[in-house]
Amino acid sequence: MVWSVQCIAAVIYSQQKDIPSAIALAAVPAFLLETAFYLAAGIRQTREQLERLRPPILAVAMTASAPLPYMVYSLPTGVFAWESALVILGLAGLASFWFVVAGKRAWTDMLYLLVMAAPVIWKTFKPLYEDPFPNLQLHVLGVLMWYRTGLLAVLSIRRMEGINFGFVPRKLDWAVGIRHFAYFLPLGLLIGFGLGLFRVRPSMGWMLPVAIVGTFVVTLCVLATAEEFFFRGLLQQSLTRASGSEWVGLIVASIIFGAVHILKYPNWGFVALATCTGVFYGRAFLQAGSVRAAMVTHALVVTVWQVFLVYTG
């Protein structure tokens, strides 16, 4: 079903952007392959099969799979570069073998978050995944590769407990996630408009329902998945265990979460707002005992921001 939706979207997008068919036919299989790897990392039954392998063997498999989508599109389109392939392989090896080498310790967990954040913050994948046609944004393949490698490393090699991760929220996750979104929304709008961070976006007309559903689903499955998994599931839990206090873990993780946003949004008001959202995401995680509840809250907040508001800070 996901592949079908991707193929339909690819046809529409390639026609709108006048992308040559040869390039589209190379890029689409790369996205389909990376999507399969990404979804496999989030499906419990698949991970259980992979966990039958010894951690070093699983890490080798994770590393070897990393450059495959890059090769699928870059070789036939003539943009393949050995330097890029080797950097992709090296990054994946670092993420895959981290816990094999470093073991299970609180400080290695927190350092791993820095390792996972650095390439995303520094936009490392954009120059590695060269576009054979302007504005294809094929570096998204690298971001997805990075996220699923981290997911598998934490869940299937580190065997981190208490995350309760999955792409599909349970009934409890929906209830807790929606409730915390409702708690945050009035406060978030007050801060956002009070600090002049947002203005209301003009109406999208008939496209509004499509924009709402599309933004929510994509955010839930990618952005919210990655950020909540690592900030709440990994960082907040590690801080809680190190300090012996849920509140310390929640507050410190939220402050770090907010501070990271200064790199993309150089506005301390936005940092304060992001820190505030982190508190609500963290509370949702604690109350549901599942990172999926935090993902729901996060996806709803981003959907309101992206669909109904324009950032002006």
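Helices H13 and H14 (residues 291-308) pack with their axes 7 Å apart, at an angle of about 145°. The structure is a predicted model. The crossing of H13 and H14 is right-handed. On the H13 side, the contact is made by Phe270, Thr277, Tyr281, Ala284, Phe285 and Ala288. H14 contributes Val291, Ala293, Ala294, Thr297, His298, Val301 and Trp305. By residue class, the contact of H13 with H14 holds 10 nonpolar and 3 polar residues, and no charged ones.

**The loop before H13**

The loop between helix H12 (246-260) and helix H13 (268-288) holds His261. Lys264 is found in the loop between H12 and H13 as well. Which of the two is buried, and which is exposed? His261 has a relative accessible area of 17%, so it counts as buried, the limit being under 20%. Lys264 has a relative accessibility of 63% and therefore counts as exposed, the limit being over 50%.

Leaving aside residues up to four places away in sequence, His261 touches Phe270 and Ala274. Phe270 is also one of the H13 residues in the contact with H14. The C-alpha atoms of Lys264 and Phe198 are 16 Å apart in space, while the two residues are 66 residues apart in sequence.

**Aromatic pairs**

The count of aromatic pairs comes to 23. One of them is formed by Phe198 and Tyr311, with an edge-to-face arrangement, 6.3 Å from centre to centre and 65° between the planes. This pair links distant parts of the chain: Phe198 lies in strand S1 (residues 198-200) and Tyr311 in strand S2 (residues 309-311), 113 residues apart. Phe198 is buried, with a relative accessible area of 11%. Tyr311 is partly exposed, because its relative accessible area of 25% falls between the limits of 20% and 50%.

Another edge-to-face pair is that of Phe231 and Phe257, with 5.1 Å from centre to centre and 80° between the planes. Here too the pair links distant parts of the chain, with Phe231 in helix H11 (residues 208-243) and Phe257 in helix H12, 26 residues apart. Phe231 and Phe257 are both buried. What sits over the ring of Phe257? The charged end of Arg232 does, 4.6 Å from the ring centre.

Elsewhere, ring pairs join Tyr70, Tyr73, Phe80, Trp82, Phe125, Tyr129 and Trp146 into a cluster.

**Positive phi angles**

Two loop residues are set out here by backbone angle and accessibility.

| Residue | Phi | Loop | Relative accessibility |
|---|---|---|---|
| Asn135 | about 60° | between helix H8 (125-128) and helix H9 (139-157) | 57%, exposed |
| Arg159 | near 55° | between H9 and helix H10 (171-194) | 39%, partly exposed |

Asn135 has its positive phi although it is not a glycine. Arg159, likewise a residue other than glycine, has a positive phi. Why is Asn135 classed as exposed? Its relative accessibility is 57%, and exposed means over 50%. Arg159, at 39%, counts as partly exposed because that value lies between 20% and 50%.

How values were computed
Residues are numbered from 1 along each chain as its sequence is written. This is a predicted model: local features need pLDDT of at least 70, side-chain atom pairs count only at pLDDT 80 or more; totals for chains, interfaces and linings use all residues. Side-chain values use heavy atoms; hydrogens and water are left out. Helices (H or I, at least four residues) and strands (E, at least two) are DSSP runs, numbered from the N terminus. Buried means under 20% relative accessible area, exposed over 50%, partly exposed in between (1.4 Å probe, protein chains only). Contact means heavy atoms within 4.5 Å. Rings of Phe, Tyr and Trp (its six-membered ring) pair if their centres lie within 6.5 Å; planes under 30 degrees apart count as stacked, over 60 as edge-to-face and the rest as tilted. A charge sits over a ring if NZ of Lys or CZ of Arg is within 6 Å of the ring centre and within 35 degrees of the ring normal. Axes are lines fitted to C-alpha atoms, for helices over the stretch in contact, and angles run from 0 to 180 degrees between N-to-C directions. A crossing is left-handed if the near helix is turned anticlockwise from the far one by less than a right angle, and right-handed if clockwise. Ala, Val, Leu, Ile, Met, Phe, Trp, Tyr, Cys and Pro count as nonpolar, Asp, Glu, Lys and Arg as charged, and the others, Gly among them, as polar.
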